[in-house]
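Thank you for making the time this morning. I would like to walk you through one structure, and I will try to keep to what can be read from the coordinates.

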Amino acid sequence: MSTSNVAIGSAAVSGMWVELDAKIRSHEAQVGVIGLGYVGLPLALTFKNAGFTVAGFDVDTRRVSELRSGHSYITDIPDAEVGEAVASGKLLATDDLNRIAEMDAVIICVPTPLRKTKDPDLSYVLSAVEAIAKGLRRGQLIVLESTTYPGTTEELVIPRLEETGLRVGEDFFLAFSPERVDPGNKKYPPSRIPKVVGGATERCAQLAALLYAQCIEEVMTVSSTRVAEMVKLLENTFRSVNIALANEIALMCAHTGIDVWEVIKAASTKPFGFMPFYPGPGLGGHCIPIDPIYLLWKARADGFPLRFIDLADEINSGMPRAVAIRAMQLLNLQGKAFKGARVHILGVTYKRDISDIRESPALEIIKLCLAAGAELFYSDPFVPVLSVEGRRFESLPVSPEVLRQCDLAMIVTDHSSFDYRLIADHAPLVFDTRNASAGLRRPNIVRL
Ligand SMILES: NC(=O)c1ccc[n+]([C@@H]2O[C@H](COP(=O)([O-])OP(=O)(O)OC[C@H]3O[C@@H](n4cnc5c(N)ncnc54)[C@H](O)[C@@H]3O)[C@@H](O)[C@H]2O)c1
C-alpha cells in the first residue's frame, strides 16, 4: 500500500470514528440489542432511558409480541415501563434480524449455556454474529456481552466478521464487555453497576467505553477483549468457590452440631480479611453454576488444570442431594418414613424474589424427593405452575391449613413475601436451607 493510500485509509477511519463518536455523544446513535432476556431487556431500557432509540432483536417471536403489547416477562421490569418505552417509539422489539444493519452500535446478549457434555455451547453467539455479519457495514460498533471463555472474541467473532472483507479497528469496531446484572437487586440497577470494557483495538475500546458511559455511572477500560472476558469468569469463579467453601463448612457444622449461620455472623464482625458467603441448597441460575465451567474448559484445552473450579463444582452440585438426604434423616428421627411423607417445598426459583427457575436446586431436590417416594407439594409466588419429571404441580397458598397437612416444610428459596413465623407456627417440621427463619427459636425448625 502506498503512503498516500495509508493516509487516505486512516483519514477514512478517523472520519468514521469521529462520526460514530459524535452520534454516541449526541445520543443519535441507533443502539441494537440482540437477545432480550434477563440481560438484554434491562440493558435496552437503560439505553432508552438515557435518550437513545433502541431496537431489541430476538428470535423468540413470543417474547417480541409480548413486548410489543407492553408486557414484561421479567419480574424486575414492570409492564408500564415496557409499555411506555414501546409507545414512545424509543424501544422497538423485532425478530427481523435484517434490521441489525441499520444500527450504529450492536450489543450481543444471547445465552451461553453448556452442552450435556459440559462443553461451552456458543451456538447462540455464533448465530447472532452470523446475523450481524450478513449486514455488517463500515462504522458499526459491535459489543459482545454474553459470558464466555477468554479468547472467544478474538478467535471466533473477529474471524467471522472479517470474512466480510471489512477489518476490525479499521472498518468496524469490536469490544467485549461482561454483563454483571443481578436480577432482583433493586440497589444496583444496570446503570449503577460499573462496566468493564476491552476492545479489539484501542479505538474499539474507546468507542465502546464512550457508548456505555452515556448510561452507566462508571466504566473501566482494560487492555484487551481477553482480559474483559476473564474478568467476568474470575468474578463468578470467586463466588462459586467461596459458596462451595461455605457449603462444605455448613455440612461439617451440621455433622458436629454447630450452627453455621451463627459462625458466619460472628466471623463477619471482623472488619478486614473476611467476606461472608452463605451456604444453601445448591447453585442455580444462568451464571454461577455455568461460567466457571467455561473457564475450566478453556484451561483444560490449554493444558492447565484448574482444581478449585472442579472441587467447587463437585461440592455445590452435591448440595441438593445433601439437602434431600438430610430431609430424609429429619423425618426418620421423627419415626416417619420418607416414602409417602408429605413434603412441601417453599420456593422453587434459584434465588429470592425472581421468577427464574433455570438450574434451580429446587428442581433437583424435588426429583430426589419424588424418587424416594415422597408426596410433593410446593408454594412459590413467582411460579404458579411447575413441571418436574413429566409431572405437573400447582403452587399452593402458604396458609395454616396447607402447612398443617405436610410432614415436612422445606425452605429452599427465601422469598421475602413468605411469612416465616406463620410457617413455623403451622408446619410440624421445618427444614430451613437458607436461614430465612433466623431469629425464630422453635423446636420444629432445623437449619442447614
Ligand atoms: N441472567 C443473569 O443474571 C446474567 C447475569 C450476567 C451475565 N449473564 C450472561 O448474559 C447472557 C444472556 O443471559 P440471559 O440470562 O439474558 O439469557 P436469556 O435466556 O434470558 O435471554 C437470551 C435471549 O436471547 C435470545 N436469543 C437467542 N439466540 C438469539 C439470536 N441468535 N438472535 C436473537 N436473539 C437470540 C433468546 O430468545 C432469549 O430471549 C449469557 O451469556 C449469560 O451468561 C446473565
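I will begin with the ligand, then turn to the pocket and the cavity, and finish with some individual residues.

Please keep in mind throughout that what you are looking at is a predicted model, and that the values I quote are computed from it.

Let me start, then, with the surroundings of the ligand. How many residues surround the ligand, and which are the closest? There are 27 of them, and the closest are Val 39, Asp 58, Arg 63, Thr 112 and Ser 127. When we sort this shell by class, we find 14 nonpolar residues, 7 polar ones and 6 charged ones. In terms of secondary structure, the largest share of the shell comes from helix α5, which spans residues 123–135 and supplies 3 residues.

Some of the polar contacts deserve to be named one by one. Val 39 makes its contact through the backbone, with an N or O atom that lies 2.9 Å from an oxygen atom of the ligand. Arg 63, on the other hand, uses its side chain, a polar atom of which is placed 2.8 Å from a ligand oxygen. Arg 358 also uses a polar side-chain atom, and here the distance to an oxygen atom of the ligand is 3.1 Å. Taken on its own, the ligand has 830 Å² of accessible area, and the protein covers 93% of that.

Let me move on to the second largest pocket, which holds about 680 Å³ of space. Its lining is made up of 24 residues, and those that lie nearest its centre are Lys 118, Leu 283, Pro 289, Ser 317 and Glu 359. Which helix gives the most to this lining? That is α13, with 4 residues, while the helices that each supply at least two residues are α10 (291–301), α11 (307–317), α12 (319–333) and α13 (361–371). By class, the lining of this pocket divides into 11 nonpolar, 5 polar and 8 charged residues.

Lys 118, which I have just named as one of the residues nearest the centre of that pocket, is worth a closer look. You will find Lys 118 in the loop that runs between β4, residues 105–108, and α5. Is Lys 118 buried, partly exposed or exposed? Its relative accessibility is 40%, and it therefore counts as partly exposed. The backbone of Lys 118 has a positive phi of about 70°, although this residue is not a glycine. For a sense of scale, Lys 118 and Leu 346 are separated by 228 residues in sequence, and their C-alpha atoms are 30 Å apart in space.

Glu 389 is another residue that has a positive phi without being a glycine, in this case of about 55°. Glu 389 sits in the loop between β11 (385–388) and β12 (391–394), and because its relative accessibility is 56%, Glu 389 counts as exposed.

Now to the enclosed space in the protein. The count comes to 1 cavity of 30 Å³ or more, and the space in the largest cavity is about 90 Å³. Among the residues that line the largest cavity are Val 39, Pro 42, Leu 43, Arg 180, Ile 193 and Ile 216, so Val 39, which we met at the ligand, appears here again. The lining of this cavity has 9 nonpolar and 3 charged residues, and no polar ones.

I will close with some buried residues. Thr 413 lies in the loop between β13 (408–411) and α15 (420–426), and its relative accessible area is 0%, so Thr 413 is buried. Where does the side chain of Thr 413 reach? It reaches the backbone oxygen of Thr 349, at 2.7 Å. Leu 368 belongs to helix α13, and with a relative accessible area of 14% it is buried, because the cut-off for that word is under 20%. The C-alpha atom of Leu 368 is separated by 15 Å from that of Ala 337, which is 31 residues away along the chain. Phe 393, finally, lies in strand β12 and counts as buried, at 8% relative accessibility. Between Phe 393 and Val 64 there are 28 Å in space, C-alpha to C-alpha, and the two are 329 residues apart in sequence.

Conventions:
Residues are numbered from 1 along each chain as its sequence is written. This is a predicted model: local features need pLDDT of at least 70, side-chain atom pairs count only at pLDDT 80 or more; totals for chains, interfaces and linings use all residues. Side-chain values use heavy atoms; hydrogens and water are left out. On a 1 Å grid over the protein atoms alone, a cavity is a set of points where a 1.4 Å probe fits but cannot get out, and a pocket is an open set with protein on both sides within 12 Å along at least five of seven lines; lining residues have an atom within 4 Å of a point. Grid points are joined across faces, edges and corners, and a volume is the space filled by probe spheres set on the points. Ala, Val, Leu, Ile, Met, Phe, Trp, Tyr, Cys and Pro count as nonpolar, Asp, Glu, Lys and Arg as charged, and the others, Gly among them, as polar. A residue is near a molecule or strand if one of its heavy atoms lies within 4 Å of it. A polar contact is a pair of N or O atoms within 3.5 Å; within protein, one must be able to donate a hydrogen and the other to accept it, and residues adjacent in sequence count only if both atoms are side-chain atoms. Accessible areas come from the Shrake-Rupley method with a 1.4 Å probe; for residues, only the protein chains shown count as cover. Buried means under 20% relative accessible area, exposed over 50%, partly exposed in between (1.4 Å probe, protein chains only).
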